[in-house]
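Please look over this model before reading on. My notes follow it.

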Amino acid sequence: MQRTLTLTRPDDFHLHLRDGAMLTGIAPESARDFARAIIMPNLVPPVVTGAQAQAYRERIRTALPGADFTPLMTLYLTEASDSADIVAAHRAGIIHAVKLYPAGATTNSDSGVGDFDRVRATFEAMAEAGVPLCVHGEVTDADIDIFDREAVFIDRVLDPIRRAVPGLRVIMEHVTTADAVAYVRGADRGLGATITTHHLIINRNHILAGGIRPHYYCLPVAKRETHRQALLKAATSGDARFFLGTDSAPHADPAKEAACGCAGCFTATNTMPVLAEVFERAGALDRLEAFVAHHGADFYGLPRNAGQLTLERQDAPVRFPEKIETGAGPVTVFDPGFPVHWRVAAG
Ligand code: DOR
Ligand code: ZN
């Protein structure tokens, strides 16, 4: 049995770091294991301009004194976004992508896009300048079942955008369905997908069967088991179009354990050990490095990290903190629901 695993230091290509006391409390959880992360812009108010992204990047750096961690910023696309500002921020190295939230799809998405024709010119400018688009791929129509929203989005929104603007590089974020995996596999160019830690582990029964478990609720919501298996197959396949984006999304416990609880699973603390367990169980430990440290960097045109991260296997299950205490309240750490034998070696 393999006891140690040394990897190129991983990157997280989809991360929520929030702001203020929450940022200060949870940012070290990502910076400990990850070299870089694509930082989501869905703050209140959202990060829309290059200047706002630059200021947010400074706040992140201030929250992580001395850490070897590079935040890769994104801008939140609105129908009023300024293409010239997006292109200039990208050219200046301030941002690495633009994030598309369909209006109303998820946490703090009210300023997102309702009419996709109104951002067509922005997509064209981004394609021309090589700015990637990160997509939250769910339709928001009340008459579409929540479990179908990703598949319908592909047909009604994503595929038409990609056909209309063929040069646009797109990352389908946090894919949750076999439909999305098939769509990405079928694309001949310019399309990648992130997969979260939790969607490799939970299906919708974990959220709903035998009692409702708010800490497993996120968006897109976990689907049925066949979809989880398709995600696991994609993540462990070695296909370079699939890479890790944890979507680690902290909310203080009272906001999750509520009559109307927020969406988001917080996986920053234990993602690497949990993924090692998942890949080991799938007989694919040798493919973990590519998934967490090669494919995403390559897709974004970034150099792979020079540093390394070593994981060690122990016989007894590893204990992780159940909660991270922050100035904004306690945040529950994702519980994979099975013993994890891997831990990150002291560096
Ligand atoms: O579960 C989620 N939480 N999905 C998202 O798309 C947003 C995120 C958040 O910001 O809490
Ligand atoms: Zn997210």
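The points below run from the model and its overall form to the sheet.

1. This is a predicted model, in which local features need pLDDT of at least 70, side-chain atom pairs count only at pLDDT 80 or more, and totals for chains, interfaces and linings use all residues. Residues are numbered from 1 along each chain as its sequence is written.

2. The chain has 347 residues and a radius of gyration of 19 Å, which agrees with the value near 20 Å for a compact globule. That radius is taken over C-alpha atoms, and the globule rule is 2.2 Å times the number of residues to the power 0.38. The C-alpha trace spans about 55 × 45 × 40 Å along its principal axes.

3. Buried residues make up 58% of the chain (under 20% relative accessible area, 1.4 Å probe, protein chains only).

4. Eleven helices and 13 strands are present. These are DSSP runs, numbered from the N terminus: helices are H or I with at least four residues, strands E with at least two.

5. Eight strands form an open sheet with parallel pairing, in the order S2-S3-S4-S5-S6-S7-S8-S9. Strands S2 (11–15) and S9 (242–244) are at the edges with a single partner strand each, so one side of each lacks a neighbour in the sheet. The twist averages 30° from one strand to the next (axes are lines fitted to C-alpha atoms; angles run from 0 to 180 degrees between N-to-C directions).

6. Strands S6 (residues 133–135) and S7 (residues 170–172) pair in the parallel sense over three bridges; pairing requires at least two DSSP bridges. Cysteine 134 lies opposite isoleucine 171 in S7.

Note on methods. Chains lettered and ligands numbered in written order. Heavy atoms only, no water. Buried < 20%, exposed > 50% of the residue type's maximum accessible area, 1.4 Å probe, protein only.
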